[in-house]
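Work through the exercises below with the coordinates open. Try each task before reading its solution.

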Amino acid sequence: MRKLLLSVAVVLALSLVPMMAFAAEIEGTVQGFTCVTQGKVCPVGQEDPIAAAENVFVVLTATGTYYFVPNVDRAVMARHIAEKVKIVGEMKSGMNAINAESLYSYKNGKWQEDWSVEMMKGIEKWLTVQP
């Protein structure tokens, strides 16, 4: 009986491993998901038409891997089409998505924070404060 319980515990523990989250940082360019799945890179200089045509944006790395950033609004991602970005957050093992804590863009030779969970909390608090 003890071996059976131990075996069940081990199987249960191993089944949870793929769902474990870990800190991550990815760098790449923001691209439309349709562009990426068709093997294309969003054309530079066509940001507005791409933003209008695309519903989902991803970060495409130099290796060709793409990552969804589900907790960053589409409008924020669209502002960075074809730009080099860095996402700092948490990934779940086996998933190509990152839950962002911060989004940085690379401008003038340095990283600048353009979006973060803390910024969102501050704006939400500001919007709900009564005059």
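**Exercise 1. A hairpin**

Task: find how many residues lie between β5 and β6, and what the phi of Asn108 is.

Solution. β5 and β6 form a hairpin with 2 residues between them, and Asn108 in the turn has a positive phi of about 55°. Strands here are DSSP runs of E with at least two residues, helices are runs of H or I with at least four, and both are numbered from the N terminus. Next, the pairing. β5 covers residues 98-107 and β6 covers residues 110-116; they pair in the antiparallel sense over 6 bridges. Two strands count as paired if DSSP finds at least two bridges between them. Lys107 stands opposite Lys110 in β6. Last, exposure. Asn108 has 81% relative accessibility and therefore counts as exposed. The cut-offs are under 20% relative accessible area for buried, over 50% for exposed, and partly exposed in between, with a 1.4 Å probe and protein chains only.

Before going on, note the ground rules. The model is predicted: local features need pLDDT of at least 70, side-chain atom pairs count only at pLDDT 80 or more, and totals for chains, interfaces and linings use all residues. Residues are numbered from 1 along each chain as its sequence is written, and side-chain values use heavy atoms, with hydrogens and water left out.

**Exercise 2. Chain overview and confidence**

Task: give the order of helices and strands in the protein chain, then state where confidence is lowest.

Solution. Start with the count: 5 helices and 6 strands. Along the sequence they follow α-β-α-α-β-β-α-β-β-β-α. Of the 131 residues, 28% are buried.

Now confidence. pLDDT is the predictor's confidence in each residue, from 0 to 100. The chain averages 87, and 85% of the residues score at least 70. Confidence is lowest in helix α1 (residues 2-16), at a mean of 52, and highest in β6, at 98. Over residues 10-14 the pLDDT is below 50, and this stretch has 0 contacts in the model beyond near neighbours in sequence. A contact means heavy atoms within 4.5 Å. Where pLDDT is low, predicted coordinates should not be read in detail.

**Exercise 3. Two cysteines**

Task: explain why Cys42 and Cys35 are not bonded.

Solution. Take the cut-off: a disulfide is a pair of cysteine sulfur atoms within 2.5 Å. Then take the distance. The sulfur of Cys42 is 3.1 Å from the closest cysteine sulfur, in Cys35, so the pair is too far apart for a bond. The count for the model is 0 disulfides. Check burial too. Cys35 is buried at a relative accessible area of 10%, and Cys42 is buried at 2%.

**Exercise 4. The strands around β2**

Task: state which strands pair with β2, and whether its faces are covered or open.

Solution. First side: β1 and β2 pair in the antiparallel sense over 4 bridges. Val30 stands opposite Val59 in β2. Second side: 3 bridges join β2 to β3 (residues 66-68), again antiparallel. In β3, Tyr66 is the bridge partner of Leu60. The hairpin of β2 and β3 has 5 residues between the strands, and Gly64 takes a positive phi near 95°. Now the faces. Both are covered: Phe57 and Val59 on one side, Val58 and Leu60 on the other, are all buried.

**Exercise 5. The nonpolar core**

Task: name the residues with the most contacts inside the largest nonpolar core, and list what Val69 touches.

Solution. A nonpolar core is a set of buried Ala, Val, Leu, Ile, Met, Phe, Trp, Tyr and Cys residues joined through side-chain atoms within 4.5 Å. The largest has 23 residues, and Val69, Val72, Met77 and Ile87 have the most contacts inside it. Elements giving two or more residues are β1 (21-32), α3 (47-53), β2 (57-60), α4 (74-78), β4 (84-92) and β5. Leaving aside neighbours within four places in sequence, Val69 is in contact with Val59, Met77, Ile87, Ile98 and Ala100. In soluble globular proteins, nonpolar side chains tend to be buried together.

**Exercise 6. Val30 and a loop**

Task: find how far Val30 is from Lys84, in sequence and in space.

Solution. They are 54 residues apart in sequence and 7.0 Å apart in space, C-alpha to C-alpha. Val30 lies in β1 and is buried at 0% relative accessibility. Beyond four places in sequence, its contacts include Phe57, Met77 and Ala82. Ala82 sits in the loop between α4 and β4. Its phi is near 70°, a positive value in a residue other than glycine. At 25% relative accessibility, Ala82 is partly exposed.
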